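Visitor: Got a minute to walk me through this one? I'd like to start with the overall picture and then poke at a few spots.

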Amino acid sequence: MINPVLHQTDGLPAYQQVLDRFALSDLLLRLKTYFDAVGVSLESQEIEVLAAILIQTLTANLNDSLLASYLEAIRHNKFEALSNLSNLKLPSASISLPTNFPDVEIPQFLYGDRLQWLSNGEATDWGVVIGRFYSFAPHSCRWTWCYLLWLDPNSLSSNWISADIAWEEDLEPMEVGKFQ
C-alpha cells in the first residue's frame with residue numbers, strides 16, 4: 001500500500017524519498033529477502049531489473065475493474081478490500097526472440113556513423129559504429145538494437161578499451177567537428 005510519507009525524510013536524498021514514498025524501497029527489500037530465503041544471491045542490479053519487470057508487467061496488465069476497485073477502496077478507507085491484485089494473472093516474462101523477427105524496427109544508426117553516449121553536459125565516450133545486433137535489453141525488458149563502437153583514440157575510455165557496446169537509446173549522433 002502506498003502511503004504518504006509519515007516519517008521525516010528531509011535528511012534523505014531526493015531519490016531515496018521517492019523510493020520510500022512510492023513503496024519501491026519495500027519492493028526492493030521484499031525481492032532481496034525472498035531470494036535470500038531461497039538461497040539465491042542476487043546483485044543489486046538484478047533486483048532492480050526484476051522490480052522494473054514487475055512494475056512494467058503490472059502496468060501493462062491493469063484493467064478497468066481492478067483500477068475501479070482500488071479507487072473505491074481508497075475513497076472509503078477500506079484497504080483490506082484491495083485483494084484483487086493477488087488475482088491478477090501476469091504473463092510469464094520471456095526473452096524469446098520476438099515473433100515478428102526479423103521484421104523489427106529499423107536500426108536508427110548505420111555502420112560508420114560517428115556516435116557518442118548521451119550525456120548530461122559531462123564529457124562522454126564516442127566512436128564509430130562497426131557492428132550492431134538485435135538483443136533483449138534486460139533494463140528495459142524489451143528487444144532493441146545494440147551497437148558495437150570502435151572508440152576514438154581521444155575518447156575517455158580509449159586508454160583501457162578499444163571498442164564498447166551500447167544500447168540504441170543510450171547513443172546520439174556526434175555534433176560535426178565536436179571532438180576533432
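Visitor: How much of the protein is buried?
Guide: Of the 180 residues, 25% count as buried. Keep in mind that this is a predicted model.

Visitor: And what does the secondary structure come to?
Guide: There are four helices and five strands. Along the sequence the pattern reads α-α-α-α-β-β-β-β-β.

Visitor: What share of the contacts with a separation of 6 or more comes from residues 24 or more positions apart?
Guide: That share is 48%.

Visitor: OK, the sheet. What's the strand order?
Guide: β4-β3-β2-β1-β5, in an open sheet with antiparallel pairing. The twist from one strand to the next averages 40°.

Visitor: Which strands stand at the edges?
Guide: β4 and β5 do. Each has a single partner strand, so one side of each is left without a neighbour in the sheet.

Visitor: How many bridges join β3 to β4?
Guide: Five, with the two strands running antiparallel. To find your way around that pairing, look for Trp150, which stands opposite Ala163 in β4.

Visitor: Now the other end. What does β1 pair with?
Guide: On one hand, β1 (residues 114–117) is joined to β2 (residues 126–137) by three bridges, antiparallel. On the other, β1 pairs with β5 (residues 171–173), also over three bridges and in the antiparallel sense.

Visitor: Which residues should I click on there? 
Guide: Try Arg114, which sits opposite Val128 in β2. Then take Leu115, whose bridge partner in β5 is Pro173.

Visitor: Switching to the helices: at what angle do α2 and α3 pack?
Guide: About 115°, with the axes 10 Å apart. Those are helix α2 (residues 24–37) and helix α3 (residues 44–60), and the crossing is right-handed.

Visitor: Which residues meet there?
Guide: From α2 you have Leu24, Leu27, Leu28, Leu31, Lys32 and Phe35; from α3 they meet Ile47, Glu48, Leu50, Ala51, Leu54 and Ile55. By type, the contact of α2 with α3 has 10 nonpolar residues, no polar ones and two charged.

Visitor: Let's do loops. Where's Glu168, and is it buried or exposed?
Guide: Glu168 is in the loop between β4 and β5. Glu168 is buried, because its relative accessibility of 12% falls under the 20% cut-off.

Visitor: What is Glu168 in contact with?
Guide: Setting aside neighbours within four places in sequence, Glu168 contacts Pro107, Gln108, Phe109, Thr144, Trp145 and Tyr147. With Gln108, a polar atom of the Glu168 side chain lies 2.7 Å from the backbone nitrogen of Gln108. As for Tyr147, the C-alpha atoms of Glu168 and Tyr147 are 6.8 Å apart, with their positions 21 residues apart along the chain.

Visitor: What about Ser157, where does that one sit?
Guide: In the loop between β3 (142–151) and β4 (163–167). Ser157 is buried too, at a relative accessible area of 11%.

Visitor: Which residues does Ser157 contact?
Guide: Asp125 and Leu151, leaving aside neighbours within four places in sequence. The side chains of Ser157 and Asp125 are joined by a polar contact of 2.6 Å.

Visitor: And His139: where is it, and how exposed?
Guide: His139 is in the loop between β2 and β3. His139 counts as partly exposed because its relative accessible area is 33%, in between the 20% and 50% cut-offs.

Visitor: What does His139 touch?
Guide: Val49, Trp167 and Glu169, not counting residues up to four places away in sequence. There's also Ala52 to look at: its C-alpha atom and that of His139 are separated by 7.6 Å, while the two residues are 87 apart along the chain.

Visitor: Last topic, the backbone. Which peptide bond is cis with omega near 10°?
Guide: Go to the bond from Phe101 to Pro102. Pro102 lies in the loop between α4 (64–75) and β1.

Visitor: Why point that one out?
Guide: Because most peptide bonds are trans.

Note on methods
Residues are numbered from 1 along each chain as its sequence is written. This is a predicted model: local features need pLDDT of at least 70, side-chain atom pairs count only at pLDDT 80 or more; totals for chains, interfaces and linings use all residues. Side-chain values use heavy atoms; hydrogens and water are left out. Two strands pair if DSSP finds at least two bridges between them. Buried means under 20% relative accessible area, exposed over 50%, partly exposed in between (1.4 Å probe, protein chains only). A polar contact is a pair of N or O atoms within 3.5 Å; within protein, one must be able to donate a hydrogen and the other to accept it, and residues adjacent in sequence count only if both atoms are side-chain atoms. Contact means heavy atoms within 4.5 Å. Axes are lines fitted to C-alpha atoms, for helices over the stretch in contact, and angles run from 0 to 180 degrees between N-to-C directions. A crossing is left-handed if the near helix is turned anticlockwise from the far one by less than a right angle, and right-handed if clockwise. Ala, Val, Leu, Ile, Met, Phe, Trp, Tyr, Cys and Pro count as nonpolar, Asp, Glu, Lys and Arg as charged, and the others, Gly among them, as polar.
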